[in-house]
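Student: Before I ask about terms, please show me the chain. I would like each label explained against its definition.

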Amino acid sequence: DDDTAFDGQAKRDVRNPAAGVPMQPEKARQVRLELDELPRLEAAIDTATADPYQRALFRFLLATGCRRGEALKLRWQDVTLEGPRRAVTFRETKTGGDHAVPLSERAAALLALPRIAGNPYVFAGAGGNGHLVGIDKTWRRIRELAGVPHLRIHDLRRSFGSWLGEAGFTS
């Protein structure tokens, strides 16, 4: 099998529609929150929203390193705050299956939220139905107020992992 068609023309790679398209260079950007930026982020969370569920969500992401989607879908039935084994269990994670995560005192304290009758979600949405959605506008305000305009929500996960690594916790 050679690289030319029977009429002498070069074969076109049809497996990847982007084959041959030049890639755009990525711009360098901040991928984690530095510890000295944390007080500004905390203040910005309080300024940007009065919603206790949104405030708790952003802080919970930073305190646990969990994924945004996993936190948003967290249900009260998967939270254990009593006793020595404080933990949450994320269901159907990106990597497949369930994943239990122990909670620090700080992370557990963030879950001291009002439970809404009939709503199984920890981070309740507006009107008490379902879980939070549409948090991007609030996150944009938080980033601007904190002076970290390029920080993505996923970067909170990266920050958590970096801080653990710097403290000597490795996998």
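Tutor: Start at the far end: G168, just after helix 6, takes a positive phi of about 100 degrees. The model is a predicted one, where local features need pLDDT of at least 70, side-chain atom pairs count only at pLDDT 80 or more, and totals for chains, interfaces and linings use all residues. Residues are numbered from 1 along each chain as its sequence is written, and side-chain values use heavy atoms, leaving out hydrogens and water.

Student: What makes a run of residues a helix or a strand, and how many of each are there in the protein chain?

Tutor: Both are DSSP runs numbered from the N terminus: a helix is H or I over at least four residues, a strand is E over at least two. The protein chain has six helices and three strands, and along the sequence they follow the pattern α-α-α-β-β-β-α-α-α.

Student: How does the span of helix 6 compare with the expected one?

Tutor: The expected span is 1.5 Å times one less than the number of residues. Helix 6 has 14 residues, for which 20 Å is expected, and its first and last C-alpha are 21 Å apart, which is close.

Student: What makes G118 count as exposed?

Tutor: Exposed means over 50% relative accessible area, buried means under 20%, and partly exposed lies in between (1.4 Å probe, protein chains only). G118 has 86% relative accessibility, so it counts as exposed. G118 lies in the loop between helix 4 and helix 5. Across the whole protein chain of 171 residues, 35% are buried.

Student: Why are the buried residues of helix 6 said to be on the same side?

Tutor: The buried ones are I153, D155, L156, S159 and W163. They cover an arc of only 125 degrees around the axis, and this puts them on the same side of helix 6. The arc is taken from the directions from the helix axis to the C-beta atoms. An α-helix has 3.6 residues a turn, so residues three or four places apart point the same way.

Student: Which buried residues does helix 5 have, and which exposed ones lie on its other side?

Tutor: T138, W139, I142, R143 and A146 are buried, and their arc of only 135 degrees places them on the same side of helix 5. K137 and E144 are exposed on the other side. The buried residues of helix 5 pack against helix 1, helix 2 and helix 6, where contact means heavy atoms within 4.5 Å.

Student: How do you know that helix 2 and helix 6 meet?

Tutor: F58, L61, L62, A63 and T64 in helix 2 are in contact with I153, L156, S159, F160 and W163 in helix 6. The two axes come within 7 Å and cross at roughly 35 degrees. Axes are lines fitted to C-alpha atoms, for helices over the stretch in contact, with angles from 0 to 180 degrees between N-to-C directions.

Student: What makes a set of residues a nonpolar core?

Tutor: The members are buried Ala, Val, Leu, Ile, Met, Phe, Trp, Tyr and Cys residues joined through side-chain atoms within 4.5 Å. The largest such core has 40 residues, and L41, F60, V88 and F123 have the most contacts inside it. Helix 2 gives the most to this core, with seven residues. Leaving aside residues up to four places away in sequence, L41 touches L33, L62, W139, I142, A146 and L156.
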